[in-house]
Protein chains: 2
Amino acid sequence: MDDRLKKQLDFALEIDKEKNVFRQTHLSGHGRNENDAEHAWHMSVMAYLLREYANEPVDIAKVMLMCLLHDVVEIDAGDTYAYDEEAKKTQSEREKRAKERIFSMLPEDQRDEFMVLFEEFEACESPEARFAKAMDNLQPLILNNSNGGSDWQEHGIKAAQVHKRQDKTKLGSETLYKVTEDIIQKNVEKGSLLP
Amino acid sequence: MDDRLKKQLDFALEIDKEKNVFRQTHLSGHGRNENDAEHAWHMSVMAYLLREYANEPVDIAKVMLMCLLHDVVEIDAGDTYAYDEEAKKTQSEREKRAKERIFSMLPEDQRDEFMVLFEEFEACESPEARFAKAMDNLQPLILNNSNGGSDWQEHGIKAAQVHKRQDKTKLGSETLYKVTEDIIQKNVEKGSLLP
């Protein structure tokens, strides 16, 4: 086997570890915590399914790939809960080191390609990144909503915190932003989200 | 919310159940059993990563989508182990019923699109389906190999059974077929796969 293929297969095996990175979100039916690989799969399917609601035309293959790869860095950096302000202070530095180590396992051309893609997602400045970010927000929201908002309840989250996070959904899709606003409103009304 | 979007979101929530369908393959590092959603995520990333080895030019977005969706039917039909000959007798009928129920949750155009895509994957007669099938075979193989072939050992699998399954890998990628042949050979030599 040549060196290029060996590097690619080593990377393919390395990212298996993403299945052991667990998030705060629970599966529907009051299931267990979700892991990063499942979350990425779900986001990617939803991106394709809901692409007609993107604010701008998107290269859907690029959006799907962004969704699939955006959490690879968490193999080293761990999951940072969206409402954990302390952990978020060190998130960027942790993820930068992780990005270097993990993507450097690849042949140079693919290392560069995946790094650029990851950075584009993080910067949220292209149509594809904006729509992928909308999926990153919407996917856990529909799971949490299906469980009566229990993830918010568990952490005592306030509506304003969710609104702040969902601002990025609006950049990706006005239509899906309305869905999230409606979900937030209903969860405030029934008391699972603090006003 | 209009009826179309409601149907799409209901489908998005329904497929969450794929995370509860567990396979015979174990995660690397002698981890727990893998589930269908993780498997689909891993295959889809590998398809993009290794697309240069496809025997024929492929529409990679279509391959990725096939990988992401190919096991949705197992929400109802359950996972059928590749070497369980009894279960394989009823697999097609079980998956047909599942396909009808699950994809019919979608708006008609998307129901038809996803059904055709699923059937194309199953038939394995297009370049995209052949490469997606190669990923479906290669992904569990590299996990199992990383664990010293313990999944084969547990079930007393013979090399001939693995060869038979991997014939489809050859149709998708001659290069990756060589990788699988090499893995099979090494596992026979060390006794984790029966000759």
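**Exercises on salt bridges and the A–B interface**

At 53% relative accessibility, A:R97 counts as exposed, a value that, like the others here, is computed from a predicted model.

**Exercise 1.** Work out which kind of side-chain pairing joins A:E93 and A:R97, and where the two residues lie.

*Solution.* Begin with the separation of the charged groups: the side chains of A:E93 and A:R97 come to 3.5 Å, N to O, and this is a salt bridge, since the rule accepts a nitrogen within 4 Å of a carboxyl oxygen. Next place the pair in the fold, where both residues belong to helix α5 (residues 85-103) of chain A and stand four residues apart, about one turn of the helix. Finally, compare their accessibility with the cut-offs: A:R97 is exposed because its 53% lies over 50%, whereas A:E93, with 44%, is partly exposed.

**Exercise 2.** Examine the salt bridge of B:K7 with B:D3, and determine how the two residues are placed in their helix and whether each is exposed or partly exposed.

*Solution.* The closest N and O atoms of B:K7 and B:D3 are 3.6 Å apart. Both residues sit in helix α1 (residues 3-14) of chain B, and because they are four residues apart, about one helical turn separates them. As for accessibility, B:K7 is partly exposed at 32%, while B:D3, at 51%, is exposed.

**Exercise 3.** Describe the salt bridge between B:R111 and B:D112 in terms of distance and accessibility.

*Solution.* The closest N and O atoms of this pair are 3.0 Å apart. B:R111 has a relative accessibility of 24% and counts as partly exposed, and B:D112 is partly exposed as well, with 36%. Elsewhere, salt bridges that share partners link A:E14, A:K17, A:D76 and A:R101 into one network. Over all chains, the search of the whole structure finds 38 salt bridges.

**Exercise 4.** Characterise the contact between chain A and chain B, from its extent to its polar pairs and the elements that supply it.

*Solution.* Start with the extent: 50 residues from chain A and 50 residues from chain B take part, and the two chains bury about 4200 Å² between them, 69% of it on carbon and sulfur atoms. On the side of chain A, the residues losing the most area to chain B are A:K19, A:W41 and A:L49, which together account for 18% of what that side buries. Turn then to the charged pairs, where the rule finds four salt bridges across the interface, one of them joining A:K19 to B:E34 with the closest N and O atoms 2.7 Å apart. Polar contact across the interface involves 24 residue pairs. Among the elements of chain A, α2(A) gives the most to the side touching chain B, with 10 residues. By class, that side of chain A has 30 nonpolar, 10 polar and 10 charged residues.

Terms used: Residues numbered from 1 in each chain as written. Chains lettered and ligands numbered in written order. Predicted model: local features only at pLDDT ≥ 70, side-chain atom pairs only at ≥ 80, totals over all residues. Heavy atoms only, no water. Contact = heavy atoms within 4.5 Å. Buried area = accessible area lost by both parts, 1.4 Å probe. Polar contact = N/O pair within 3.5 Å; in protein donor to acceptor, adjacent residues only side chain to side chain. Nonpolar A, V, L, I, M, F, W, Y, C, P; charged D, E, K, R; others polar. Buried < 20%, exposed > 50% of the residue type's maximum accessible area, 1.4 Å probe, protein only.
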